[in-house]
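Colleague: Please take me slowly through one part of this structure, beginning with a single side chain and its contacts, and then widen the view to what lies around it.

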Amino acid sequence: MINFVLYLFLNAMASNDLFYLAPLQGFTDYVYRKCYHQLFGDIDTYYIPYISFASGHKIRNSQMRDLLPENNSGVPVIPQILCSDEVEMKQLASLVKDHGYQKLNLNLGCPYPMATNRGRGAALLEKPDELKRILDALFSDFEFEVSLKFRAGMTDEQSIFQLIEILKVYPFTQLIFHPRTADQLYKAEANRSLFAPFVQVMNRPIIYNGDINSIDDLDEIRKMVPDQNQWMIGRGVLSNPFLIGELNGKEISPEEKKRLRLEFHELIFETYQQHFSDKGQLLMKMKGFWSYFANSFTNPHKAFKSVKKSSSLDKFKQNYPAIFQNYEF
Ligand SMILES: Cc1cc2nc3c(=O)[nH]c(=O)nc-3n(C[C@H](O)[C@H](O)[C@H](O)COP(=O)(O)O)c2cc1C
């Protein structure tokens, strides 16, 4: 009985942390989110990768599929928009509203020149007047619970501190800080030391995002911000589907991991097959999944190589079972 009470107590302690799935265009799509939620269920909210206007003022089919409520049923999601100005914001936000969503995330982080050259994503960090116009319209014309995901700046990691007054004015439900500049893309290390002074001047909870792969990573940030309990994770989860469980202090035996890893793969593969009839597209989806999933095997490079070299879906089906036999932990 005492053990059981202790177990409940430890679980309650562990559940103090909230974990959110970072949006990764092309990777954390609705199939991935649905399967992860079904099997692991330890993520509080899944952020949908952005929707934005492509050439011809169209939204890509893949982005629309990701937004459709029927593809997200039973999964707690928040859609994200990537826009350059008030006009684009209104069109995208209306689309999100028309699909029945009450929450919306604004992307101020996309670092790619294709977006920033059009004034989108991280570029808005250097356009405070445009940003204010967007936010004024977003808060006055819509009734969304609005959250914001942003980087430290385009090239100067102090830029975000110059936006403090703007960030403090609007009633954001969540602020998500990824402490890299746009010119770093996702490569150089995220500068964690920017987080504590930012939390201090904002004087409110902020979600930390960037390079979380282990409990040590959380501890390192907690050393600087002791109350920190909200985390957004992307590549770490894609690479290790047990990561959130591990961060929650859950013990998973090697046998259980082996079983779950295979079950997760089969569920993902089966669900992609239900949604993608084109074999080439299906193979591309599985290769994308494996580009991170391979990291949870003993020899990630070899594991991924064997998937990558599959020139057809049939070859992939022949190749992947050996990975589970040869490179399992
Ligand atoms: C391939 C790729 C696609 C991404 N797509 C998006 C996106 O659609 N929206 C967004 O806000 N961030 C996007 N990001 C950034 C991630 O959400 C996240 O901020 C970044 O990967 C750092 O977190 P992590 O180290 O936990 O992965 C993307 C990153 C990558 C590598």
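Modeller: I would begin with K285, which touches G26, D29, Y272 and F276 when residues up to four places away in sequence are not counted. The model is a predicted one, and the distances that follow should be read with that in mind. K285 is part of helix α14, and with a relative accessible area of 18% it falls under the 20% limit and is therefore buried. Two of its contacts can be described at the level of atoms: the side chain of K285 makes a polar contact of 2.9 Å with the side chain of D29, and it also reaches the backbone oxygen of G26 at 3.3 Å.

The wider setting of these contacts is given by the division of the protein chain into domain 1, residues 16–247, and domain 2, residues 254–321. The centres of the two domains, taken over C-alpha atoms, are 27 Å apart, while 21 residues of domain 1 are in contact with 20 residues of domain 2.

The nonpolar interior can be followed from the helix that holds K285. The largest nonpolar core has 106 residues, and F150 and W290 are those with the most contacts inside it. Helix α14 gives the most to this core, contributing seven residues, and the core draws at least three residues from each of domain 1 and domain 2. Around F150, leaving out residues up to four places away in sequence, the residues touched include L108, G109, L125, I160 and F198, with L167, L175, I176, F177 and H178 also among them.

Helix α14, residues 279–293, is also part of what covers the buried residues of α15, as is α16, residues 313–326. In α15, which runs from 300 to 308, the buried residues are A303, F304, S306 and V307. Seen down the helix axis, they fall within an arc of 155°, so they line one face of α15. The general geometry helps here, because an α-helix has 3.6 residues a turn and residues three or four places apart therefore point the same way. The face of α15 turned away from this buried side carries H301, K305 and K308, which are exposed.

A second polar residue deserves the same close reading. N107 sits in strand β5, residues 103–108, and at 7% relative accessibility N107 counts as buried. Its side chain reaches the backbone nitrogen of G109 at 2.7 Å, and G109 is itself one of the residues that F150 touches. Beyond the residues up to four places away in sequence, N107 touches Y50, Q80, I81, L82, G121 and K149.

Y50 and Q80 lead from N107 to the ligand. An N or O atom in the side chain of Q80 is 2.8 Å from an oxygen atom of the ligand, whereas for Y50 it is a backbone N or O atom that lies 3.3 Å from a ligand oxygen. Y186 approaches a nitrogen atom of the ligand instead, with a polar side-chain atom at 3.1 Å. In all, 18 residues surround the ligand, and the closest are P23, Q80, N209, D211 and R235. Q80 is thus listed both among the residues closest to the ligand and among those that the buried N107 touches.

Definitions and conventions:
Residues numbered from 1 in each chain as written. Predicted model: local features only at pLDDT ≥ 70, side-chain atom pairs only at ≥ 80, totals over all residues. Heavy atoms only, no water. Buried < 20%, exposed > 50% of the residue type's maximum accessible area, 1.4 Å probe, protein only. Helix = DSSP H or I, 4+ residues; strand = E, 2+ residues; numbered from the N terminus. Arc of directions from axis to C-beta. Contact = heavy atoms within 4.5 Å. Core = buried A, V, L, I, M, F, W, Y, C linked by side-chain atoms within 4.5 Å. Domains from an automatic or database assignment. Near = heavy atom within 4 Å. Polar contact = N/O pair within 3.5 Å; in protein donor to acceptor, adjacent residues only side chain to side chain.
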